[in-house]
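Colleague: Could you walk me through this model? I would like to hear the reasoning behind each answer.

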Amino acid sequence: MALQRCPECRRKISENAQLCPHCGFSFNEADLAVYREKLEQRRLYNEQLNRQNIKIQLIWLVIFALVIGGAMWWNS
Ligand SMILES: [Zn+2]
């Protein structure tokens with residue numbers, strides 16, 4: 001009997017299984033389409049989060065540069 005991995009919980013399940021016995025993931029064509037949609041949304045959400053993180057890091061970099069610059073100006 002061949003085994004495949006559940007895309008949701010990554011556990012091995014029977015190739016013939018229509019449902020993952022561990023997490024209930026369904027292998028029906030319609031459900032897979034919904035699943036791909038969800039994955040795409042998650043990917044977009046993560047991209048958005050990454051963009052926000054980059055912005056926050058840039059802001060911290062600017063603050064850090066200002067503090068260092070201010071300290072150097074103070075000492076001179
Ligand atoms: Zn599963």
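Here is our conversation about the predicted model.

Colleague: Happy to start with the metal: which residues coordinate the zinc ion?

Modeller: Good place to begin. Sulfur atoms are the donors here, each an SG, at 2.2 to 2.4 Å from the zinc ion. In sequence the donor residues follow the spacing C-x2-C-x10-C-x2-C. The residues that coordinate the zinc ion are Cys-6, Cys-9, Cys-20 and Cys-23.

Colleague: What arrangement do the four donor atoms make around the zinc ion?

Modeller: For four tetrahedral donors, the ideal angle at a metal is 109.5 degrees. Four donors count as tetrahedral if all angles lie between 85 and 135 degrees. Around the zinc ion the angles are 105 to 115°, so the arrangement is tetrahedral.

Colleague: Is Cys-9 buried, partly exposed or exposed?

Modeller: Let me set Cys-6 beside it. Cys-6 has 0% relative accessibility and therefore counts as buried. Buried means under 20% and exposed over 50%, with partly exposed in between. Cys-9 has 23% relative accessibility, so Cys-9 counts as partly exposed.

Colleague: Now the backbone: what is the phi of Arg-10?

Modeller: Arg-10 sits in the loop between β1 (3-5) and β2 (12-14). Its side of the story includes exposure, with a relative accessible area of 57%. Phi is positive there, in a residue other than glycine, with a value near 65°.

Colleague: On to the rings: what kind of aromatic pair do Phe-25 and Tyr-35 form?

Modeller: A search of the whole structure finds three aromatic pairs. In the pair of Phe-25 and Tyr-35, the centres are 4.7 Å apart and the planes are at 80°. Planes over 60 degrees apart count as edge-to-face. The pair of Phe-25 and Tyr-35 is edge-to-face.

Colleague: Where in the chain do Phe-25 and Tyr-35 lie?

Modeller: The two residues are both buried. They are ten residues apart, and their pair links distant parts of the chain. Phe-25 lies in the loop between β2 and α1 (29-75), and Tyr-35 lies in helix α1.

Colleague: How do the rings of Trp-73 and Trp-74 pair?

Modeller: Trp-73 and Trp-74 are both exposed. Their ring centres are 6.4 Å apart, within the 6.5 Å that a pair requires. The planes stand at 50°, so the pair is tilted.

Colleague: Which residues do ring pairs link into a cluster?

Modeller: Two of the names have come up already, Phe-25 and Tyr-35, as an edge-to-face pair. The cluster also takes in Phe-27. Ring pairs thus link Phe-25, Phe-27 and Tyr-35.

Colleague: What is the area of the nonpolar surface patch?

Modeller: The residues that make the patch are Ile-56, Ile-59, Trp-60, Ile-63 and Val-67. One of them, Trp-60, is found in helix α1. Trp-60 is exposed, because its relative accessible area is 57%. The area of the patch is about 520 Å².

Colleague: And the charges: which residues form salt bridges with Arg-43?

Modeller: Side chains of opposite charge can pair when their charged atoms come close. In one salt bridge, Arg-43 and Glu-40 meet at 2.9 Å, N to O, and these two lie three residues apart in helix α1, about one turn of the helix. In another, the closest N and O atoms are 3.0 Å apart, with the partners four residues apart in helix α1. The partners of Arg-43 are Glu-40 and Glu-47.

Colleague: Which residues are linked in a network of salt bridges?

Modeller: The structure holds three salt bridges. Besides those of Arg-43, there is one between Glu-47 and Arg-51, at 3.8 Å, N to O. Glu-47 and Arg-51 are four residues apart in helix α1, so about one helical turn separates them. The network links Glu-40, Arg-43, Glu-47 and Arg-51.

Colleague: Last one: is Arg-51 buried, partly exposed or exposed?

Modeller: Its network companions make a helpful backdrop: Arg-43 is partly exposed at 41%, Glu-40 is partly exposed at 37% and Glu-47 is partly exposed at 34%. Exposed means over 50%. Arg-51 has 53% relative accessibility, so Arg-51 counts as exposed.

How values were computed. Residues numbered from 1 in each chain as written. Predicted model: local features only at pLDDT ≥ 70, side-chain atom pairs only at ≥ 80, totals over all residues. Heavy atoms only, no water. Buried < 20%, exposed > 50% of the residue type's maximum accessible area, 1.4 Å probe, protein only. Donors = N, O, S within 2.8 Å, 3.2 Å for Na, K, Ca; no water. Tetrahedral: all angles 85-135°; square planar, octahedral: opposite > 155°, others 65-115°. Phe/Tyr/Trp six-rings, centres within 6.5 Å; stacked < 30°, edge-to-face > 60°. Patch = residues over 30% accessible without salt bridge, like charges linked within 9 Å, V, L, I, M, F, W, Y side chains within 5 Å. Areas by Shrake-Rupley, 256 points an atom, 1.4 Å probe, with all protein chains shown as cover. Salt bridge = Lys/Arg side-chain N within 4 Å of Asp/Glu carboxyl O.
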